[in-house]
Amino acid sequence: MKQHKLGVVMACILVAFCTLHVAASAPFAVDQQIVEHNMDAGGRVSGSIVATNPGDQPVKINIVPVDYVRNAKGDTVKATQEQLERSLFPYIALSASSLTLEPKSSAKLDYIIDMPETAEGSYWLAVYFEPETGTVVQGGALEGRPEVTFNFNLKIRYEVMFLVTINGTDNPNGAVTGMRQISQSDGLAFEVDFRNTGNVYYGAGGRVEIRDQTGATVAELPLERTFALPNQSYTFEVSDGSLQLPPGDYIALAVVDFGGDKLVAGQLRFAIHGREEAR
């Protein structure tokens, strides 16, 4: 069985979980943004996350654990009560609920993860590192009214994602649950609905093959690899504005690779009409 590390989906995760970069510099930094552990059921693992204050003023940071999921667009949202089956929250202990960083110094947040004997598959949790006070950023003058100025009170938050997978219990699986053609003036565009039906997280990607009436593949559109959590769905969007096909009947075949022992696919029949037919 393949390893279910983040690997090629690291970029996706960093986009989803890194702090937004703005003109104001962050008053502190953390040394990790993703913490992954593969461990045995009934096992224990421990570690630390280091926060550093490079500035000249003390900074107080609040530590906030948060359960999350990803919606069909790939955005992270707060989990509902029904989505907490694989929450890591009951099994992780943090050494503090806040840290005070003196100027030009660092502090550690220690953690211990104890998994029950019945654990299987993957579990996850986000931990927010939030400054207690924000940084004032000058916003400038209001358009058309130079006498009115405004400032932003900006809080730059770091999010550290914890991911735990239980050794020997991983069962990666997935399914293409829907597919449709998107209206587009030029070229072709499709949406492909994919659901992680297994019990571990993984990176899912693949392609949409365009086949003609003879079954020959006349074009391929890549499905960019994304991070998929168990029991959650994602909608791939794929398009090629320059692809021009002759009139006829076609099949769009979505092939998704999720790192398991097989590929999964879904298909959609569509037609390209000539100008006279389209009138």
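Two strands pair if DSSP finds at least two bridges between them. In this predicted model, strand β7 meets that condition with strand β9 (residues 105–114), over three bridges in the antiparallel sense. Within this pairing, A93 stands opposite I112 in β9.

## Overall make-up

The chain holds two helices and 20 strands. Its length is 279 residues, and 42% of them are buried. Contacts with a separation of 6 or more were sorted by distance along the sequence: 70% of them join residues 24 or more positions apart. The accessible surface of the chain is about 15000 Å². Carbon and sulfur atoms account for 48% of that surface.

## Two open sheets

Strands β7 and β9 belong to an open sheet of four strands. Its order is β1-β3-β9-β7, and the pairing is antiparallel. The edges are β1 (29–30) and β7 (92–94), each pairing on one side only.

Another open sheet has five strands. Here the order is β2-β13-β10-β4-β8, with mixed pairing. Strands β2 (34–39) and β8 (98–101) lie at the edges, and each pairs on one side only. On average, neighbouring strands of this sheet are turned by 20° against each other, direction ignored.

Inside the five-strand sheet, β4 (residues 59–66) and β10 (residues 122–131) run antiparallel. Six bridges join them. One residue pair can be named: I61 has P131 in β10 as its bridge partner.

## Two buried threonines

T235 sits in strand β18 (residues 233–240). Is T235 buried or exposed? Its relative accessible area is 16%, so T235 is buried, because the limit for that class is under 20%. The side chain of T235 makes a polar contact of 2.8 Å with the side chain of D193. Leaving out residues up to four places away in sequence, T235 touches A72, R180, E191, V192 and D193. D193 is thus named both as a touching residue and as the polar partner.

T226 lies in strand β17 (residues 217–228). With a relative accessible area of 4%, T226 is buried. Its side chain also has a polar partner: a contact of 3.4 Å joins T226 to the side chain of R70.

The two side-chain contacts are set out below.

| Threonine | Strand | Relative accessible area | Polar partner | Distance |
|---|---|---|---|---|
| T235 | β18 | 16% | D193 | 2.8 Å |
| T226 | β17 | 4% | R70 | 3.4 Å |

## Aromatic pairs

How many aromatic pairs does a search of the whole structure find? The count is 10. Among them is the pair of Y201 and F227, which is tilted. The ring centres are 5.7 Å apart, with 50° between the planes. This pair links distant parts of the chain. Y201 is in the loop between β15 (188–195) and β16 (202–211), F227 is in strand β17, and the two are 26 residues apart. Both Y201 and F227 are buried.

Y234 and F236 form an edge-to-face pair. Their centres are 5.1 Å apart, and the planes stand at 85°. The pair counts as edge-to-face because the angle between the planes is over 60 degrees. F236 is buried, with a relative accessible area of 2%.

Y234 and F236 also belong to a wider group. Ring pairs link them with F194, Y202 and F258 into a cluster.

## Positive phi in two loops

Most residues other than glycine have a negative phi. Two residues of this chain can be set against that background.

K104 has a phi near 55°, a positive value in a residue other than glycine. Its place is the loop between β8 and β9. K104 is exposed, with a relative accessible area of 55%.

N231 has a phi near 65°, again positive and again in a residue other than glycine. The loop that holds N231 runs between β17 and β18. What is the exposure class of N231? The residue is partly exposed, because its relative accessible area is 37%, and that class lies between 20% and 50%.

How values were computed:
Residues numbered from 1 in each chain as written. Predicted model: local features only at pLDDT ≥ 70, side-chain atom pairs only at ≥ 80, totals over all residues. Heavy atoms only, no water. Buried < 20%, exposed > 50% of the residue type's maximum accessible area, 1.4 Å probe, protein only. Polar contact = N/O pair within 3.5 Å; in protein donor to acceptor, adjacent residues only side chain to side chain. Contact = heavy atoms within 4.5 Å. Axes fitted to C-alpha atoms, helices over the stretch in contact; angles between N-to-C directions. Areas by Shrake-Rupley, 256 points an atom, 1.4 Å probe, with all protein chains shown as cover. Phe/Tyr/Trp six-rings, centres within 6.5 Å; stacked < 30°, edge-to-face > 60°.
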